[in-house]
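Let's take a walk through this protein together, one region at a time. Keep the 3D view open and turn it as you read.

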Amino acid sequence: MDLSINGKLYQVEDSPNRTLLWVLRDELGLTGTKFGCGVGICGSCTIQIDGVATRSCLTMLSQVEGKQIRTLEGLATENPDGSLQLHPVQEAFIELQVHQCGYCMSGQIMQAAALLDENPAPSEEEIIAGMDRNLCRCGAYPRIRKAVARAAEIAAGG
Ligand code: FES
Ligand code: FES
């Protein structure tokens, strides 16, 4: 079967028992997506499917055929000179030095990017609600929330 990931087509063996998370990591080498709990609780495996933040540990291959998958590796865009333009969420997370151990960050960033796509100017309450299901064992929640707000500013040209 074909998978469309970050704008490229990949051929992978269809298997009813394989989740997208392990195909991304083990077969395609896209290790930006992290394995945490494996049961849909932590959010560290969050990617986007057709723009919707989705837990790849719970996503079977058959559910994503014909859909657009985006992982952390595909969040930045390429400038005409070939350099990379970071996504506003990536810029904000770096600017505010959000990470501690960093393990949850890929999922946090993918969740935040989907949140801002849906709501470009979220209130603090909307940020808290939108990021609520992504856990951070280091407790970086205040910085994560500030960075999502900052990303919204950056995306708006601020
Ligand atoms: S690894 Fe998928 S939600 Fe925890
Ligand atoms: S920064 Fe360590 S788990 Fe979030």
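Gly 7 sits in the loop between β1 and β2. In this predicted model, is Gly 7 buried or exposed? Its relative accessible area is 69%, and because anything over 50% is called exposed, Gly 7 belongs in the exposed group. For a sense of scale, find Ser 62 as well: Gly 7 and Ser 62 are 55 residues apart in sequence, and their C-alpha atoms lie 19 Å apart in space.

Asn 6 is in this loop between β1 and β2 too. Look at its backbone: Asn 6 has a positive phi of about 55°, although it is not a glycine. The setting is a hairpin made by β1 and β2, with two residues between the strands. Asn 6 has a relative accessibility of 24%, so it counts as partly exposed.

Now follow the two strands of that hairpin. Strand β1, residues 2-5, pairs with β2 in the antiparallel sense, and four bridges join them. To see one pairing up close, find Ser 4, which stands opposite Leu 9 in β2. While you are tracing strands, here is a handy rule: in a regular strand, the side chains alternate between the two faces of the sheet.

The hairpin is part of a wider arrangement. In what order do the strands of the sheet lie? Going across, you meet β2-β1-β5-β3-β4, five strands in an open sheet with mixed pairing. Why is one side of β2 and of β4 left without a neighbour in the sheet? Strands β2 (8-11) and β4 (52-55) stand at the edges, and each has a single partner strand, so one side of each has no neighbour there. If you tilt the view, you can follow the twist of the sheet, which averages 40° from one strand to the next.

Let's move to the β4 edge. Strand β3, residues 46-49, pairs with β4 in the antiparallel sense over four bridges. Here Gln 48 has Ala 53 of β4 as its bridge partner. Which helix lies across β3, β4 and β5? That is α3, made of residues 105-118, and it runs at about 35° to β3. Strand β5, which α3 also crosses, covers residues 68-70.

Next, step back along the chain to the loop between α2 and α3, where you will find Gln 97. Gln 97 has a positive phi of about 45°, although it is not a glycine. Its relative accessible area is 48%, so Gln 97 is partly exposed.

Tyr 103 also lies in the loop between α2 and α3. With a relative accessible area of 34%, Tyr 103 is partly exposed. Which residues join Tyr 103 in a nonpolar patch on the surface? They are Trp 22 and Phe 35, and the three together have about 270 Å² of accessible area.

Finally, let's turn to charged side chains. How many salt bridges does the structure hold? There are four, and we can visit some of them. One of them joins the side chains of Arg 18 and Glu 27, with 2.6 Å from N to O. Arg 18 is partly exposed at 25% relative accessibility, and Glu 27 is partly exposed as well, at 36%.

Another salt bridge connects Glu 95 with Arg 150, whose closest N and O atoms are 2.8 Å apart. Glu 95 lies in helix α2 (residues 88-95) and Arg 150 in helix α5 (residues 141-155), so this pair ties together parts that are 55 residues apart in sequence. Arg 150 also forms a salt bridge with Glu 153, and there the closest N and O atoms are 2.9 Å apart. How far apart are Arg 150 and Glu 153 along helix α5? They are separated by about one helical turn, because they are three residues apart in that helix.

Put these contacts together and you have a network of salt bridges that links Glu 95, Arg 150 and Glu 153. Glu 95 counts as partly exposed at 45% relative accessibility, and Glu 153 is partly exposed at 45% too.

Conventions: Residues are numbered from 1 along each chain as its sequence is written. Chains are lettered from A and ligands numbered from 1 in the order in which they are written. This is a predicted model: local features need pLDDT of at least 70, side-chain atom pairs count only at pLDDT 80 or more; totals for chains, interfaces and linings use all residues. Side-chain values use heavy atoms; hydrogens and water are left out. Two strands pair if DSSP finds at least two bridges between them. Axes are lines fitted to C-alpha atoms, for helices over the stretch in contact, and angles run from 0 to 180 degrees between N-to-C directions. Contact means heavy atoms within 4.5 Å. Buried means under 20% relative accessible area, exposed over 50%, partly exposed in between (1.4 Å probe, protein chains only). Patches are made of residues with over 30% relative accessible area and no salt bridge: like charges are joined within 9 Å, nonpolar side chains (Val, Leu, Ile, Met, Phe, Trp, Tyr) within 5 Å. Accessible areas come from the Shrake-Rupley method with a 1.4 Å probe; for residues, only the protein chains shown count as cover.
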